Amino acid sequence: MGRSYVFVNQKGGVGKTTSAINIGAFLAEAGKSVLLVDFDSQANLSSGVGVSRKSAKPGVYELISGLATLEAVTRPTSIKGLSVIPAEIELSGAAVELVDKDERDFFLSKALSPAKNIYDFILIDSPPSLGVLTLNGITAADAVLIPMQCEYFAMEGLTHLLQTVKIIQKNLNPNLDVGGIFFTMYDPRTRLAQQVVKEVSTYFKNKVFSTIVPRNIRLSEAPSHGLPISKYDPACSGAKAYKSLANEVLERGI
């Protein structure tokens, strides 16, 4: 049985999508079969692995709506063993459609359940909010992975997010685990960044991954070429960090 992970942070721009793509790519390069699920209507994950808006249909919206099968919505990527279910703009409408439905938080979970027999890892990229789509993502996951930027309000946001995860564990997904917290866009020259890393690591201890992803221009360039960093610039510091993070995911067996 494969394991499913959701990348969550209610704040945008913290490296959620970049992390899902690159951890997924390095897991695939380590010989694992990996499915990326783009569950954000901005569709940045889809374009980041080379799926254009024109070719994004049928995608995750059709899958959760019962209009297409898992096989029909899954695409290969440039990396062997790495597949993707793309998102499209219609997904933003799904948030409205789902609100009044019974079992509204379980649509993605039901749609992805057959994938657990096919893939070793399912990585879900969620929107930067704690709305119905993100709740679907968390309910569909075995574990939550939290990318975190080293900035002033990060701790406050993290506390709020972990409270939400506890509520979901209690009411919707009792088997949900906090898989880990990891730092992104780290600039060692700032005292604040060092302080945030120290505080979070002291408080959350073994829940914090030891790998820290640095601020790296090559990481921000790669998505515009539709490539994971392992294909775009495998020698850069960002690639080395994400390879190390993927190895930590494997080692922890979360």
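**Exercise 1. Place A143 in the predicted model.**

Task: Determine whether A143 is buried or exposed, and state which residues A143 is in contact with beyond four places in sequence.

Solution.
1. A143 has a relative accessible area of 0%, so A143 is buried. The model in which this value was computed is a predicted one.
2. In secondary structure, A143 belongs to strand β6, which covers residues 143–149.
3. With neighbours within four places in sequence set aside, the contacts of A143 are R3, S4, Y5, V6, L176, D177 and G179.
4. A143 and F153 are separated by 10 residues in sequence, and their C-alpha atoms lie 24 Å apart.

**Exercise 2. Describe the surroundings of T139.**

Task: Find the helix that holds T139, decide why T139 counts as buried, and identify the backbone oxygen that its side chain reaches.

Solution.
1. T139 is part of helix α7, residues 132–139.
2. The relative accessibility of T139 is 6%; the limit for buried is under 20%, and therefore T139 counts as buried.
3. The T139 side chain reaches the backbone oxygen of L135, at a distance of 2.7 Å.
4. Not counting residues up to four places away in sequence, T139 touches D105, F106, S109, I168, L172 and N173.

**Exercise 3. Classify the aromatic pairs.**

Task: State how many aromatic pairs there are, then classify the pair Y5 and F121 and the pair F7 and F182.

Solution.
1. Two quantities are needed, since a pair of aromatic rings is described by the distance of the centres and the angle of the planes.
2. The count of aromatic pairs is 4.
3. For Y5 and F121 the ring centres are 5.9 Å apart and the planes meet at 25 degrees; planes under 30 degrees apart count as stacked, so this pair is stacked.
4. Y5 is in strand β1 (residues 3–7) and F121 in strand β5 (residues 121–125), so the pair ties together parts 116 residues apart in sequence. Both Y5 and F121 are buried.
5. For F7 and F182 the values are 6.5 Å centre to centre and 80 degrees between the planes, and the pair is edge-to-face.
6. F7 lies in strand β1 and F182 in strand β7 (residues 177–186), so this pair ties together parts that are 175 residues apart in sequence. F7 and F182 are both buried.
7. F7 and F182 also belong, with F209, to one aromatic cluster. R252 lies over the face of F209, 4.3 Å from the ring centre.

**Exercise 4. Account for the empty space.**

Task: Give the volume of the largest pocket and of the largest cavity, and say which element supplies the largest share of the lining of the pocket and which gives the most to that of the cavity.

Solution.
1. The approach is a general one: rolling a probe the size of a water molecule over the atoms shows where empty space is left.
2. The largest pocket has a volume of about 470 Å³. Its lining consists of 24 residues, with G13, V14, G15, T18 and M185 nearest the centre.
3. At least two lining residues of this pocket come from each of α1 (16–29), α2 (44–48), β7, β8 (208–214) and α10 (217–221). The largest share, 4 residues, is from α1.
4. There is 1 cavity of 30 Å³ or more, and the largest cavity holds about 30 Å³ of space.
5. The largest cavity is lined by T18, I21, N22, G48, L219, A222, P223, L227, P228 and I229. Helix α1 gives the most to this lining, with 3 residues.

Technical notes: Residues are numbered from 1 along each chain as its sequence is written. This is a predicted model: local features need pLDDT of at least 70, side-chain atom pairs count only at pLDDT 80 or more; totals for chains, interfaces and linings use all residues. Side-chain values use heavy atoms; hydrogens and water are left out. Buried means under 20% relative accessible area, exposed over 50%, partly exposed in between (1.4 Å probe, protein chains only). A polar contact is a pair of N or O atoms within 3.5 Å; within protein, one must be able to donate a hydrogen and the other to accept it, and residues adjacent in sequence count only if both atoms are side-chain atoms. Contact means heavy atoms within 4.5 Å. Rings of Phe, Tyr and Trp (its six-membered ring) pair if their centres lie within 6.5 Å; planes under 30 degrees apart count as stacked, over 60 as edge-to-face and the rest as tilted. A charge sits over a ring if NZ of Lys or CZ of Arg is within 6 Å of the ring centre and within 35 degrees of the ring normal. On a 1 Å grid over the protein atoms alone, a cavity is a set of points where a 1.4 Å probe fits but cannot get out, and a pocket is an open set with protein on both sides within 12 Å along at least five of seven lines; lining residues have an atom within 4 Å of a point. Grid points are joined across faces, edges and corners, and a volume is the space filled by probe spheres set on the points.
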